[in-house]
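This briefing sets out selected features of one protein chain, grouped by topic. Please consult it alongside the sequence and the structure.

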Amino acid sequence: MTVVATQEAFPVEKPAIEERLLKDLTLIVVGVARQELPTALLGAVQTVWFQGISDGQALFSDEKGAVFQVIEAPLMALAVLAEPGASGEADALFKWLQRHGVVQLPSVVVWTRGQESEAVSSIVALVAEHVKSAARRLVLSNRELRTLRSMNDDLQNRFAAIESFLNRNGLQPLDLVFSNEPSENPSNANVLASSSREGISQILPVPSSGVSGVAIHVDQLAIRQDLKMRAQLVTLEDLRIVDTWQISSGDLTTGWNTFGLSKSTAGLNRTLEFRLQLEDAEEDTPLLSLGSLQPIEMFQVRDAANGMPVLKNSLAVQVWGGIPGVSMPPSANYIAAQSQQTSQSEGFRDMPITPGVLEHASLANSDEVTFDFEAIMPLPAERAIGCHPPAEGITIGELPAACPPQIIRMSAKAYIDNSRAADIDFAIAVAGSLEAAKALFREERQQTVGEAYSGWQTVSFGESAHLSAFASEQVGAWQNVYFATRMNEAGGNDFAWAKFANFRAVVSG
């Protein structure tokens, strides 16, 4: 670092030894000659000799006798090693330390000829205490870090649960964050017909974070209903495609048409550009509404091929915003995005049931079994649910609407959390109602379309079982997840703390 004054530059780098005084454990020696100290001691801890005070600053010297001035007090002074006759110098050192903000002064170790070993032992004990204190601080820091990580995971899981709930029930709150209303178009300009084959583009004058949908206003529909159209939302800084829509002209209606994003945009703010093109050149094109004259060229409707303005107007456009990162629910008012989810819609997806959803677990068959305590105990911190079996019969727990559509497999880990428990049977099922689940658990019938059943598996303490319930056929509806326990042999359900953990769903597309 340098300080510049007028035309000269003056270096203000701190000497290396002074830097070390601010971060290393340091032994300060007062009145003891260098040759008297054991070499092993000098190698074990950084050692400096106090040389006095000059102009309010302390002078120290290193092992080789090189003197240097210290501006800031050492932050990690282990002790002051002083000869009995150097008390005056030691007092001067302590006063200087206090003036420089040191609250807890270092201990004084007396160096007496003939008793050097006792002094070295005292220094070693101080080093050991410092190491133990540092180890305790490290352990506490790691615990705090683990707690913070757990809190962060919990917040993420709660957010995922809220997102799932909003998406499942169509409750995503949307706000109109920008609107450029259609104005009169005396020239009847058709921007799609006037542009190149690449179509038109419109920069959105809003921050990208939280954008959930872009609406364009159609003044007049095309006569043909089968014209193929393609829309994209792109970030200009990195040319990343946020979402794509493949539609036909028959999907449009007169008035506002909202192109809904698959997820509200999140992350760093970017400049968004909405692009629209006809895949086949046609004279018969939809007539898009325009806003008023736009004096800023950047926001005028432009040709997507070369970025040049088509007109001095902008499109009539609306921008809708929501919670950043949250999936958009299906709605009749939206043209849903497709292409950015093409790769995701092929094959299978493995989806964990988040701890926030596990908190909604409850006892489903309270009319059949009763306990003096909570038989179903959500344990979101463990990503698990406790399920205590009765002495006779079955305990059934329920996770309402926790199984997503197109389920292929629902799985969970089953284990016992008490060494004194007898063997327990575990099972899981996916069904539309409790009665349907009871029929599966009692094995009174085979599973039907959309249902899934794992069968019973016996688990002993110290073991675990992986329960897998496969659906015979996929359905497009959310269903309940049921989990059940029973004693392998009737009676003796004391200490029978059974747990289900790591619920996961494999879905198609």
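Which residues do ring pairs link into a cluster? The cluster consists of Phe50, Phe60, Phe68 and Trp96. The model is predicted, and the points below describe its overall make-up, its cores, its aromatic contacts and several of its secondary-structure elements.

**Overall make-up**

- The chain has 509 residues, of which 43% count as buried.
- Its secondary structure comprises eight helices and 33 strands.
- Where contacts join residues at least 6 apart in sequence, 74% of them are between residues at least 24 apart.
- The chain has an accessible surface of about 26300 Å², and carbon and sulfur atoms account for 51% of this area.

**Nonpolar cores**

- The largest nonpolar core contains 36 residues. Met410, Phe426, Ile428, Val481, Phe483 and Phe503 have the most contacts inside it.
- Helix α7 (355-358) gives two or more residues to this core, as do the strands β25 (384-387), β26 (395-403), β27 (407-416), β28, β31 (464-471), β32 (479-487) and β33.
- A second core, separate from the largest, has 33 residues, among them Ala189, Val242, Ile247 and Leu252.

**Aromatic pairs and charges over rings**

- Across the whole structure, a search finds 14 aromatic pairs.
- One of them joins phenylalanine 426 and phenylalanine 500: the ring centres are 5.3 Å apart and the planes stand at 70°, so the arrangement is edge-to-face.
- This pair connects distant parts of the chain, since phenylalanine 426 belongs to strand β28 (residues 424-431) and phenylalanine 500 to strand β33 (residues 498-508), 74 residues apart.
- Phenylalanine 426 has 0% relative accessibility and therefore counts as buried. Phenylalanine 500 also counts as buried, because its relative accessibility is 0%.
- The rings of phenylalanine 441 and tyrosine 453 are likewise edge-to-face, because their planes meet at 70°, with the centres 6.1 Å apart.
- Phenylalanine 441 lies in helix α8 (residues 434-441) and tyrosine 453 in strand β29 (residues 452-453), so the pair links distant parts of the chain, 12 residues apart. Phenylalanine 441 and tyrosine 453 are both buried.
- Two basic residues lie over ring faces: lysine 413 is 5.2 Å from the ring centre of tyrosine 415, and arginine 486 is 4.0 Å from the ring centre of tryptophan 456.

**Helix α8**

- Six of the eight residues of α8 are buried, so the helix is largely enclosed by the rest of the structure.
- The buried residues are Ala436, Ala437, Lys438, Ala439, Leu440 and Phe441.
- The cover over these buried residues includes β26, β28, β29 and β32.
- Glutamate 443, just after α8, adopts a positive phi of about 55°.

**Strands β11 and β14**

- Strand β14 (residues 255-260) is largely enclosed by the rest of the structure, because five of its six residues are buried.
- Strand β11 (residues 211-220) runs antiparallel to β14 and is joined to it by six bridges.
- Glycine 213 is placed opposite glycine 260 of β14.

**The five-stranded open sheet**

- Five strands make up an open sheet with antiparallel pairing, in the order β13-β12-β15-β10-β18.
- The edges are formed by β13 (240-248) and β18 (302-303); each has a single partner strand, so one side of each is left without a neighbour in the sheet.
- Strand β10 (residues 200-203) pairs with β18 in the antiparallel sense over two bridges. Serine 201 has arginine 302, in β18, as its bridge partner.

**Serine 508**

- Serine 508 is located in strand β33.
- Its relative accessibility is 32%, so serine 508 counts as partly exposed.
- Serine 508 and glutamine 406 are 102 residues apart along the chain, and their C-alpha atoms are separated by 5.5 Å.

Technical notes
Residues numbered from 1 in each chain as written. Predicted model: local features only at pLDDT ≥ 70, side-chain atom pairs only at ≥ 80, totals over all residues. Heavy atoms only, no water. Phe/Tyr/Trp six-rings, centres within 6.5 Å; stacked < 30°, edge-to-face > 60°. Helix = DSSP H or I, 4+ residues; strand = E, 2+ residues; numbered from the N terminus. Buried < 20%, exposed > 50% of the residue type's maximum accessible area, 1.4 Å probe, protein only. Lys NZ or Arg CZ within 6 Å of the ring centre and 35° of its normal. Contact = heavy atoms within 4.5 Å. Areas by Shrake-Rupley, 256 points an atom, 1.4 Å probe, with all protein chains shown as cover. Core = buried A, V, L, I, M, F, W, Y, C linked by side-chain atoms within 4.5 Å. Pairing = 2+ DSSP bridges.
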